[in-house]
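Thanks for coming. I'll take one model today and go through how its parts pack against each other.

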Amino acid sequence: MNRFSMAAKFTAKTGGGEALAGLLLEAAASAQANQACEAYIVHVSDTEPDTLWVTEIWTSEEAHAEALAQPETREAIAKSMPYIAGVEGARMRPLGGKGLEKNA
């Protein structure tokens, strides 16, 4: 099974970074219950408070797609949209490193 990862840069509407961060952290908390989600980390830029990054690692691309299709995920995305000015993302395949079990 190949893991799947994403890195996404969220640009919040001016002044909306804190609210968007709160919603992304709620998503991170709900991801705790999903065994297929190995990591979901929310970051904020030190120099641009309305710029947030999310890095995710999943057991597979299919598991990520299944999570996105869940009603609670769709609701969280809809709740976040009013705060988002733009999103850029990169799809990746993690190879290894600290914090990533090789045989998982």
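What covers the buried residues of helix α2 includes β1, β3 and α3, the last being residues 71-80. Bear in mind throughout that this is a predicted model.

Which residues of α2 are buried? In this helix, residues 61-69, they are A63, H64 and A67. These three lie on the same side of α2, because the arc they cover around the axis is only 100°. That fits the usual geometry: an α-helix has 3.6 residues a turn, so residues three or four places apart point the same way. On the other side of α2, the exposed residues are E62, E66 and A69.

Now the strands. β3 pairs with β1 in the antiparallel sense, over eight bridges. In that pairing, F4 stands opposite W58 of β3. β3 also pairs with β2, residues 37-44, again antiparallel, and here there are seven bridges. Y40 stands opposite E56 in β3. β2 and β3 form a hairpin, and six residues sit between the two strands.

Next, the cores. The largest nonpolar core has nine residues: A8, F10, A12, L20, A21, L24, L52, V54 and I84. Which elements give two or more residues to this core? They are β1 (4-12), α1 (17-31) and β3 (51-58). Apart from this core lies another, of eight residues, including M6, A31, C37 and W58.

Two members of the nine-residue core deserve a closer look. One is L52. Leaving out residues up to four places away in sequence, L52 touches A8, K9, F10, G17, L20, A21, L24, V42, H43 and V44. Among those, A8, F10, L20, A21 and L24 are also listed in the largest core.

The other is A8, which lies in strand β1. Is A8 buried or exposed? A8 has a relative accessible area of 8%, and therefore counts as buried, the cut-off being under 20%. What does A8 contact, apart from neighbours within four places in sequence? Its contacts are L52, W53, V54, E88 and G89. As for backbone positions, the C-alpha atoms of A8 and T55 are separated by 6.5 Å, while the two residues are 47 apart along the chain.

To go back to where we started: β1 and β3, which pair with each other, are among the elements that cover the buried residues of α2. Both β1 and β3 also give two or more residues to the largest core. That's what I have.

Note on methods: Residues are numbered from 1 along each chain as its sequence is written. This is a predicted model: local features need pLDDT of at least 70, side-chain atom pairs count only at pLDDT 80 or more; totals for chains, interfaces and linings use all residues. Side-chain values use heavy atoms; hydrogens and water are left out. A nonpolar core is a set of buried Ala, Val, Leu, Ile, Met, Phe, Trp, Tyr and Cys residues joined through side-chain atoms within 4.5 Å. Buried means under 20% relative accessible area, exposed over 50%, partly exposed in between (1.4 Å probe, protein chains only). Helices (H or I, at least four residues) and strands (E, at least two) are DSSP runs, numbered from the N terminus. Contact means heavy atoms within 4.5 Å. Two strands pair if DSSP finds at least two bridges between them. The arc is that of the directions from the helix axis to the C-beta atoms.
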